[in-house]
Amino acid sequence: MRKLTSEEIARAAGGRLIKGTGKEEVREVIIDSRQAGEGKAFFAIKGQVHDAHRFLPDAVKAGCPVVVISDESKAPDGCDVILVEDTLYALQKLASWYMRSLDMKTVAVTGSVGKTSTRDLIYAGLSSKYRAARSRKNFNNQYGLPLTVLSFDGTEEAAVIEMGMEHRGEIHRLADIVRPDVAVITNIGISHMENLGSREGIRDAKLEITDFFTEENTLVIDGCDDMLKDLKPDSYRIMKVGRCPGALISVDEVTDRGALGISVRLTAFGEPIDVSLKIPGAHNAGNLALALAACSLMGVDVKEAARAMEKAELTGNRLKVSEAGGMTIIDDSYNAAPASMESAIKTLMATEGKRHVAVFAGMAELGEDSKALHEKIGEAAAEAGVDLLITAGENAADIKTGAERRGLRETAHFDKREEIYPEIERLFKPGDVILIKGSRVMEMERLAEKIHQVME
């Protein structure tokens with residue numbers, strides 16, 4: 001973030017200075033008091049579990065010269081204090097103001113699965129032409145996106161920003177902050193079905209990304225997605241990609257090389273392009289097409305963007321491949337949805353090894369169909385030829401049930417991830433290819449770490 005004074009922050013965030021001079025300067029905004037220090041403004045957010053006002057003394061003691069609060073009775077001494085009605089809304093309002101002050105093009109990405117992978121590919125493509133930026137880590141929600149925007153220092157020429165949601169109206173607010181030039185919806189799945197009621201509800205919530213679009217803006221979609229293919233908006237343009245008729249960038253052929261990545265043949269605006277990604281997972285061919293389309297709309301030559309994407313690496317634990325004790329570990333523990341689980345099984349089976357082992361935790365927020373969807377994943381694992389299926393935690397036992405229904409006999413279930421740890425040397429053998437995947441809340445990456453500790 002470029003340098004801002006407390007006076008500027010108060011004005012932009014819709015607050016008023018109740019202590020201090022208004023002249024204190026900061027270069028970073030934080031909402032976690034553990035990150036407190038000199039040159040940082042601390043916003044005391046009231047969350048569902050914690051009220052950060054209780055950590056104000058710690059933030060000031062650590063050196064924060066500016067704090068933003070909504071409870072005047074908690075105003076600390078020794079710093080500039082800005083009072084607002086709602087600290088989260090104030091953070092978002094500051095980010096919106098700051099975004100308007102930046103001179104750069106933006107792409108926004110949302111979707112049920114594949115958001116971060118597509119974001120990372122777009123970032124690689126944009127970087128071939130521009131000084132580019134992207135969302136920090138998995139900062140894609142009501143808290144994280146404003147922090148991402150406020151991390152830009154003003155020298156960026158283009159940025160790709162990820163937008164996530166759990167409820168209707170959330171992407172609308174994020175789109176209002178960013179006002180993107182181009183948007184991408186990767187797909188409409190069934191994540192957050194419990195909150196939104198139907199796939200139509202999920203689609204409508206995702207489409208909030210276009211709420212501030214005009215005829216100058218373009219939404220990029222997979223033209224084969226059953227919930228998006230018939231869109232005919234009046235106020236903005238659509239670009240379709242994928243394997244559908246009329247796709248401006250079509251996916252013609254995909255070779256899955258397992259843990260080594262994928263090779264993709266595309267036709268982009270009538271020209272053939274061959275791309276080899278280091279990123280595993282055949283589903284990433286679709287993400288590649290979406291990313292190329294977004295970059296082309298941002299003025300990047302498609303072939304130059306494709307060459308840059310060949311060097312791209314995904315952030316976080318997304319199909320992260322490592323070796324331990326003669327075994328290949330595919331750590332895809334970042335998150336899980338039915339489509340991504342089935343794709344990960346294909347990647348597992350395309351990777352060379354003596355045995356193919358799937359270790360699955362459950363999937364979250366699937367609504368009333370959760371049991372059947374988990375069983376379907378087990379069926380898919382058995383039908384694909386998985387040699388050993390291990391499940392852990394709530395809902396995952398239904399995956400085991402589905403697999404056994406399809407004839408898979410080598411299975412094991414554990415109520416908790418930690419219960420697998422003492423069994424690592426018994427369950428896993430040299431030559432195994434092990435896929436680890438599950439809902440983020442299960443923290444399955446810890447199992448991958450434990451396997452390395454035990455087997456190396």
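Analyst: A helix in this account is a DSSP run of H or I, at least four residues long, and helices are numbered from the N terminus. The model is a predicted one.

User: What makes H6 a helix, and what comes just after H6?

Analyst: H6 covers residues 170-178, which is 9 residues, and a helix needs at least four, so H6 qualifies. Just after H6, arginine 179 has a positive phi of about 50 degrees.

User: How do you know whether H6 is mostly covered or mostly open?

Analyst: A residue is called buried when its relative accessible area is under 20%. In H6, 7 of the 9 residues are buried, and the helix is mostly covered. The buried ones are Ile171, Arg173, Leu174, Ala175, Asp176, Ile177 and Val178.

User: What covers those buried residues of H6?

Analyst: The cover includes helices H3 (87-100), H5 (144-151) and H8 (199-206), along with strands E8 (105-110) and E10 (158-162).

User: Why is lysine 437 called buried?

Analyst: Its relative accessible area is 3%. The cut-off for buried is under 20%, so lysine 437 meets it.

User: Where does lysine 437 lie, and which residues does it touch?

Analyst: Lysine 437 is in strand E22 (residues 432-437). Leaving aside residues up to four places away in sequence, it touches Asp332, Ser333, Asn335, Ala336, Ser340, Met341, Ala344, Val359, Phe360, Ala361 and Met444.

User: How do you know that E18 and E22 are paired?

Analyst: Strand E18 (residues 327-332) is joined to E22 by 5 bridges, and the two run parallel. Pairing requires at least two bridges, so E18 and E22 count as a pair. Isoleucine 330 stands opposite leucine 435 in E22.

User: What is the strand order of the sheet that holds E22, and what makes a strand an edge strand there?

Analyst: The sheet is open, with 6 strands in the order E17-E18-E22-E19-E20-E21 and mixed pairing. E17 (320-324) and E21 (411-414) are the edge strands, as each pairs on one side only. From one strand to the next, the twist averages 15 degrees.

User: How many bridges join E13 to E12, and how many join E13 to E14?

Analyst: Strand E13 (residues 237-242) has 5 bridges to strand E12 (residues 218-222), running parallel. E13 has 2 bridges to strand E14 (residues 249-256), also parallel. The minimum for a pair is two bridges, so E13 and E14 still pair. Valine 241 of E13 stands opposite aspartate 222, and valine 241 also stands opposite isoleucine 249 in E14.

How values were computed
Residues are numbered from 1 along each chain as its sequence is written. This is a predicted model: local features need pLDDT of at least 70, side-chain atom pairs count only at pLDDT 80 or more; totals for chains, interfaces and linings use all residues. Side-chain values use heavy atoms; hydrogens and water are left out. Buried means under 20% relative accessible area, exposed over 50%, partly exposed in between (1.4 Å probe, protein chains only). Contact means heavy atoms within 4.5 Å. Axes are lines fitted to C-alpha atoms, for helices over the stretch in contact, and angles run from 0 to 180 degrees between N-to-C directions.
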